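Colleague: I have the sequence and the fold open on my screen, and I would like to go through the charged and aromatic side chains with you. Could you take me through them one topic at a time?

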Amino acid sequence: MHRVAELLLLHCFGRQPYWLLQGWAWHVEMTLCKDVYCFPYRAEFVWASEHTGWDKALRDYVEATKESELSISDIAALQRGGWQDRGAKLAWGSVLFLDRNRAPALAQVLEDLRLAWDAGSRRDLGNGQWERVAGFEVSPADQSAIFVRHAGQAFWPELTRFFRDGSATPTAHPPSKQGMRRGH
């Protein structure tokens with residue numbers, strides 16, 4: 001389920017930040033399967049209790065930090081190459097929040113992130129030729145600006161409150177179809 005969700009998102013919206021791609025796939029996996037079985041880059045044993053309870057762990061992470069507000073550096077902390085438990089849960093919860101509370105904005109965010117990656121990952125070679133810049137990622141500042149532009153100025157405080165209130169409890173409803181449509 002996780003891999004299919006990744007492929008569908010890539011098919012509809014092209015290249016996305018790693019944390020967002022994984023967050024979407026976990027959102028689909030958690031919603032449809034009621035638990036998580038894909039733990040990319042995790043080499044150690046996964047305990048049965050780690051497949052569920054992400055909502056409670058997420059609330060505990062955010063409460064433990066006592067930060068006034070989350071930012072893009074928190075939710076985009078998940079990077080390729082290694083497992084980061086807190087980053088994984090923040091990525092999942094952020095996509096859950098967007099799908100539940102800002103579904104129309106989610107498609108716009110995904111499209112703008114695709115466009116930003118496409119433009120930024122091209123190196124002009126002259127004479128109408130170009131090549132991709134290996135490993136290019138949309139900067140956290142640009143990602144944050146895209147989120148605020150489409151999800152509103154209150155996005156970061158509302159996301160933080162969503163986690164602190166324990167609102168990230170999974171539901172039986174499938175992810176929003178609006179989140180998978182391009183915003184043209």
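**Charges and rings**

Modeller: Let us begin with Asp99, whose place is in helix α5, residues 85–101. Please keep in mind throughout that this is a predicted model.

Colleague: OK, which side chain of opposite charge is nearest to Asp99, and how far away is it?

Modeller: That is Arg100, at 7.0 Å, and Asp99 has no salt bridge although it is buried. The side chain of Asp99 does make a polar contact with the side chain of His27, at 2.8 Å.

Colleague: And the helix around it, how many residues of α5 are buried?

Modeller: In α5, 13 of the 17 residues are buried, so the helix is largely enclosed by the rest of the structure. From its first C-alpha to its last, α5 reaches 24 Å, which is close to the 24 Å expected for its 17 residues at 1.5 Å a residue.

Colleague: Switching to salt bridges, how many are there in the whole structure?

Modeller: A search of the whole structure finds 15 salt bridges. One of them is formed by Glu63 and Arg164, with the closest N and O atoms 3.5 Å apart. This pair links distant parts of the chain, since Glu63 is in helix α3 (residues 54–65) and Arg164 is in helix α8 (residues 155–164), 101 residues apart.

Colleague: Are those two buried or exposed?

Modeller: Neither word fits, because the relative accessibility of Glu63 is 29%, which counts as partly exposed, and Arg164, with a relative accessible area of 24%, is partly exposed as well.

Colleague: What about Glu137, which residue does it form a salt bridge with?

Modeller: Glu137 forms a salt bridge with Arg80, and the closest N and O atoms are 3.4 Å apart. Glu137 lies in the loop between β2 (129–132) and α7 (140–151), while Arg80 lies in the loop between α4 (72–75) and α5, so the pair ties together parts that are 57 residues apart in sequence. Glu137 counts as partly exposed at 31% relative accessibility, and Arg80 counts as partly exposed at 41%.

Colleague: Then there is Glu158 and Arg102, how far apart are they, N to O?

Modeller: The side chains of Glu158 and Arg102 meet in a salt bridge at 2.3 Å, N to O. Because Glu158 lies in helix α8 and Arg102 in the loop between α5 and α6 (103–120), this pair ties together parts that are 56 residues apart in sequence. Glu158 is partly exposed, with a relative accessible area of 25%, whereas Arg102 counts as buried at 16% relative accessibility. Salt bridges that share partners also join Arg15, Arg80 and Glu137 into one network.

Colleague: Now the rings, how many aromatic pairs does the search find?

Modeller: Over the whole structure the search finds 14 aromatic pairs. Among them is the edge-to-face pair of Phe155 and Trp156, at 4.7 Å centre to centre and with 75 degrees between the planes. Phe155 and Trp156 are both buried. Another pair, Phe162 with Phe163, is tilted, at 5.9 Å centre to centre and 55 degrees between the planes, and both of these residues are buried.

Colleague: Which residues do the ring pairs link into a cluster?

Modeller: The cluster consists of Trp19, Phe97, Phe147, Phe155, Trp156, Phe162 and Phe163.

Colleague: Last one, where does the charged end of Lys89 sit?

Modeller: The charged end of Lys89 sits over the ring of Trp54, 4.5 Å from its centre. There is also Arg42, whose charged end sits over the ring of Phe39 at 5.6 Å from the ring centre.

Technical notes
Residues numbered from 1 in each chain as written. Predicted model: local features only at pLDDT ≥ 70, side-chain atom pairs only at ≥ 80, totals over all residues. Heavy atoms only, no water. Helix = DSSP H or I, 4+ residues; strand = E, 2+ residues; numbered from the N terminus. Buried < 20%, exposed > 50% of the residue type's maximum accessible area, 1.4 Å probe, protein only. Lys, Arg positive; Asp, Glu negative; His and termini not counted. Salt bridge = Lys/Arg side-chain N within 4 Å of Asp/Glu carboxyl O. Polar contact = N/O pair within 3.5 Å; in protein donor to acceptor, adjacent residues only side chain to side chain. Expected span 1.5 Å × (residues − 1). Phe/Tyr/Trp six-rings, centres within 6.5 Å; stacked < 30°, edge-to-face > 60°. Lys NZ or Arg CZ within 6 Å of the ring centre and 35° of its normal.
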